[in-house]
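Here is a protein model to explore. Start with a single residue, then widen the view step by step.

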Amino acid sequence: SNNDDDDDDDDDDDEKGFGEGFACCYLVASLSEQHKGKTYVGFTVNPKRRLLQHNGQYANAGAKYTKKLRPCEMVFCVHGFPTKTQALGFEWAWQNPTTSRAVKDLAQNKLKIGSRHSTILNKSLLGLAMLNLSPWRHLPLVIYFFNDTHKRDVIENAEKKDVNIPSHVRVEVGEMNELDAYVKECNSTKTSKKKRRKREDSDDDDDDLESEDFLPLQSQDSDIFMSSQRVSKQQHQQHQQHVCEVCLRQSNSIEGGNNTDSEYADEVCCTCSLCGAHAHLVCLAENFFKYGRDLHSDKENRDEDAIHKSYELIPEKGQCPRCDRVQSWGDVLASRSRGKRNVGRNIAHKIVLIKR
């Protein structure tokens with residue numbers, strides 16, 4: 001993956017006010033006989049459009065390096081990053097493994113991969129291995145392959161090289177149009193949130209939450225419109241009262257909904273994909289910290305300061321308060337985001353079916 005000529009790599013991704021919208025890092029590979037197997041790593045908020053740009057279907061767009069690789073295909077993308085900064089950080093480290101402090105040791109000593117090792121198997125192996133490193137190992141990410149052949153080859157190579165995908169990271173395979181429908185749903189949700197904040201800031205007393213302006217759900221092709229009444233009905237059905245398994249307090253939360261930052265701390269969300277337990281993230285984190293301290297309490301020559309520091313910001317793992325299953329903090333975050341992602345995918349799937 002060469003990144004020397006990527007100065008215009010993200011000209012389609014300068015979206016303002018990035019928040020909960022879609023963002024991913026991706027691997028594209030050349031299909032030309034001359035450059036077959038050569039790859040490029042990039043970042044985008046719109047994979048379908050980005051691939052068209054790489055293939056020259058938009059004037060003056062796309063990374064310069066990939067012009068000689070055309071035609072290109074997208075092998076897989078990694079999405080689910082909470083912020084654009086985290087996605088861009090992952091992209092840079094993936095492009096520059098021998099320069100990135102987070103990845104350098106892994107690339108040079110374990111994988112023996114340099115920045116110029118740009119085959120599909122090398123770059124995909126590096127990308128999967130990076131999911132086990134800080135600061136990405138706790139993130140509820142998704143690996144999305146665009147065909148079964150690439151998925152099989154990449155996963156088999158990772159297993160041969162003893163590279164494991166974290167248990168909370170979901171591996172999916174599907175068509176570009178399926179992902180594109182999900183991308184549009186994510187971005188329409190972001191637009192809806194911005195309108196809601198704007199509405200709240202203006203102190204508008206209009207409480208008609210079923211107005212079409214408040215909950216738009218329209219594809220970018222402008223040929224599909226799901227009425228806000230249907231969306232409101234779905235959200236009403238998903239609105240439940242959940243009890244935190246730790247503190248036993250009850251709090252309103254919307255599975256698959258979009259809580260504001262002020263509501264986030266009080267949100268009781270699904271934290272275990274096995275038993276469906278719900279808890280405040282703060283309460284569960286305290287339990288995980290305690291689990292970590294207890295785990296080390298019986299060890300001889302225990303360095304309390306070092307242990308305290310290792311668990312100071314993010315807990316490594318702990319037990320589910322309901323089923324006692326030991327899970328990583330990444331598993332918890334994945335369980336929380338999975339419910340939201342499934343709601344978005346269900347709606348996106350309906351859009352695809354209607355368009356067909």
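At 3% relative accessibility, S30 counts as buried. Buried means under 20% relative accessible area, exposed means over 50%, and partly exposed lies in between (1.4 Å probe, protein chains only). This is a predicted model, where local features need pLDDT of at least 70, side-chain atom pairs count only at pLDDT 80 or more, and totals for chains, interfaces and linings use all residues. Residues are numbered from 1 along each chain as its sequence is written, and side-chain values use heavy atoms, with hydrogens and water left out.

What surrounds S30? Not counting residues up to four places away in sequence, S30 touches H35, K36, G37, K38, L69, P71 and C72. Contact here means heavy atoms within 4.5 Å. S30 also takes part in polar contacts. A polar contact is a pair of N or O atoms within 3.5 Å; within protein, one must be able to donate a hydrogen and the other to accept it, and residues adjacent in sequence count only if both atoms are side-chain atoms. One polar contact, of 3.0 Å, links the side chains of S30 and S32. In addition, a polar atom of the S30 side chain lies 2.7 Å from the backbone oxygen of L69.

S30 belongs to strand β1, which covers residues 24–30. Helices (H or I, at least four residues) and strands (E, at least two) are DSSP runs, numbered from the N terminus. Strand β1 pairs with β2 in the antiparallel sense, over 6 bridges. Two strands pair if DSSP finds at least two bridges between them. Follow one bridge: L27 has V41 in β2 as its partner.

Now look at β2 itself, residues 39–44. Of its 6 residues, 6 are buried. In a regular strand the side chains alternate between the two faces of the sheet. In β2, T39, V41 and F43 point one way, while Y40, G42 and T44 point the other way.

Next, turn to a helix. Helix α9 has 17 residues, 281–297. The expected span of a helix is 1.5 Å times one less than its number of residues. For α9 that gives 24 Å, and its end C-alpha atoms are 24 Å apart, so the two agree. Among the buried residues of α9 are L281, L284, F288 and Y291. An α-helix has 3.6 residues a turn, so residues three or four places apart point the same way.

Where do charged side chains meet? The structure holds 6 salt bridges. A salt bridge is a side-chain nitrogen of Lys or Arg within 4 Å of a carboxyl oxygen of Asp or Glu. One of them joins R137 and E316, at 2.7 Å from N to O. R137 lies in the loop between α4 and β4, and E316 in the loop between α10 and β10, so the pair ties together parts that are 179 residues apart in sequence. R137 is partly exposed at 29%, and E316 is partly exposed at 25%.

Another salt bridge links K184 and D180, with the closest N and O atoms 3.3 Å apart. These two residues sit 4 apart in helix α6, about one helical turn. Both are buried.

Finally, step back. The protein chain has 11 helices and 11 strands. Buried residues make up 49% of its 356 residues. Among contacts between residues at least 6 apart in sequence, 68% join residues at least 24 apart.
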